[in-house]
Amino acid sequence: EDGLSNAAMLGAVVVAAVARRRLRSVLAQETVAAVAGLAPALVALRGSQAAVWHAVEHKSIAAYEQGGAAELVNAADHAKEHQRCGSNLVLPLVVTSAVANTVVRVALGRRSMLARVLAATLSVGVAVEIFAFAGRSPRHPVSRAVHAVGHVIQTGFVTREPGADDLAVGRTAMETLLQAEGVS
């Protein structure tokens with residue numbers, strides 16, 4: 001998309017390759033690769049219009065959850081970060097992916113593509129369960145860690161404060177959606 005995003009992609013590949021050659025621990029290699037793999041998406045989103053629309057979505061949903069359709073006019077008063085944002089999946093995905101890839105590499109080496117696919121599928125499933133648990137039990141230490149990392153990602157990279165025009169579009173979209181769903 002742009003030079004900075006391309007540099008982030010190249011940098012992530014280089015960091016992961018260097019980690020795999022220099023670090024002895026397979027778990028450390030996989031963790032560095034997983035974290036480095038986030039960089040291109042975070043760089044591409046930070047400052048983009050998508051980050052503004054993401055914040056509009058969060059504010060609109062929070063307004064609706066707080067006071068129904070009537071509260072949509074006050075969406076600007078709500079936080080641009082949201083507890084159920086997909087950003088809260090990042091920590092569980094990094095951890096479960098690193099662990100699953102480590103188990104497969106240690107047990108089978110890099111030869112078994114089927115085992116790697118199964119491990120990836122299992123790691124996504126476990127990450128989603130951790131995300132769901134964090135939503136149900138927000139005071140649990142694991143949940144607080146999940147939400148803290150998600151909040152940092154949302155605040156610093158994937159949401160940006162929208163303007164009044166952006167919020168007006170969001171309000172219209174929410175009202176149209178609610179009307180289509182038959183919600184008054």
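Read along the sequence, this chain runs α-α-α-α-α-α-α-α. That is eight helices and zero strands. Before going on, I should say that this is a predicted model. The chain has 184 residues, and 34% of them count as buried. Its C-alpha atoms fill a box of roughly 55 × 40 × 30 Å along the principal axes. As for how the chain contacts itself, take the contacts between residues at least 6 apart in sequence: 70% of these join residues at least 24 apart.

I will start with one pair of helices, then go to the charged pairs, then the cores, and finish with a single histidine.

The pair is helix 2 and helix 5. Two packed helices are described by the angle between their axes and the distance between the axes. Here the axes come within 8 Å and cross at roughly 140°. Is that parallel, antiparallel, perpendicular or oblique? Angles over 145 degrees would count as roughly antiparallel, and at roughly 140° helix 2 is therefore oblique to helix 5. The crossing is right-handed.

Which residues make the contact? From helix 2 they are V26, L27, Q29, E30, T31, A34 and V35. From helix 5 they are V94, A98, V99, N101, T102, R105 and V106. Please keep E30 and R105 in mind, as both come back shortly.

One residue on the helix 5 side is A98. With a relative accessibility of 3%, A98 counts as buried, because the cut-off is under 20%. Leaving out residues up to four places away in sequence, A98 touches L27, E30 and T31. Those three residues are also on the helix 2 list for this contact. For a sense of distance, A98 and T121 are 23 residues apart in sequence, and their C-alpha atoms are 13 Å apart in space.

Now the charges. Side chains of opposite charge can pair when their charged atoms come close. How many salt bridges does the structure hold? There are five, and I will go through three of them.

The first one I want to show is E30 with R105, at 2.7 Å from N to O. This pair links distant parts of the chain: E30 is in helix 2, residues 26–36, and R105 is in helix 5, residues 90–108, which puts them 75 residues apart. Are these two residues buried or exposed? Both are buried. The pair is also part of a network of salt bridges that links R20, E30 and R105.

Next is E161 with K59, where the closest N and O atoms are 3.0 Å apart. E161 lies in the loop between helix 7 and helix 8, and K59 lies in helix 4, so this salt bridge ties together parts that are 102 residues apart in sequence. The two ends sit in unlike surroundings: E161 is partly exposed, with a relative accessible area of 47%, whereas K59 is buried at 1%.

The third is R84 with E65, with 2.1 Å between the closest N and O atoms. R84 is in the loop between helix 4 and helix 5 and E65 is in helix 4, so the parts tied together here are 19 residues apart in sequence. R84 is exposed at 52% relative accessible area, and E65 is partly exposed at 43%.

On to the nonpolar side. Which residues form the largest nonpolar core? There are eight: V52, V56, A63, L72, A75, L167, M174 and L178. Helix 4 and helix 8 each supply at least two residues of this core. L72, one of the eight, touches S60, A63, Y64, R171, M174, E175 and L178, again not counting residues up to four places away in sequence. There is also a second, separate core of five residues, including L42, V90, V94 and V158. V94 was on the helix 5 list for the contact with helix 2.

Last, the histidine. H147 is placed in helix 7. At 9% relative accessibility, H147 counts as buried. What does H147 touch, leaving aside its neighbours within four places in sequence? The contacts are Q83, N88, A134 and G135.

To recap, helix 2 and helix 5 cross at roughly 140°, E30 and R105 meet there in a salt bridge, and the largest nonpolar core draws on helix 4 and helix 8.

Key: Residues are numbered from 1 along each chain as its sequence is written. This is a predicted model: local features need pLDDT of at least 70, side-chain atom pairs count only at pLDDT 80 or more; totals for chains, interfaces and linings use all residues. Side-chain values use heavy atoms; hydrogens and water are left out. A salt bridge is a side-chain nitrogen of Lys or Arg within 4 Å of a carboxyl oxygen of Asp or Glu. Helices (H or I, at least four residues) and strands (E, at least two) are DSSP runs, numbered from the N terminus. Buried means under 20% relative accessible area, exposed over 50%, partly exposed in between (1.4 Å probe, protein chains only). A nonpolar core is a set of buried Ala, Val, Leu, Ile, Met, Phe, Trp, Tyr and Cys residues joined through side-chain atoms within 4.5 Å. Contact means heavy atoms within 4.5 Å. Axes are lines fitted to C-alpha atoms, for helices over the stretch in contact, and angles run from 0 to 180 degrees between N-to-C directions. Angles under 35 degrees count as roughly parallel, over 145 as roughly antiparallel, 65 to 115 as roughly perpendicular and the rest as oblique. A crossing is left-handed if the near helix is turned anticlockwise from the far one by less than a right angle, and right-handed if clockwise.
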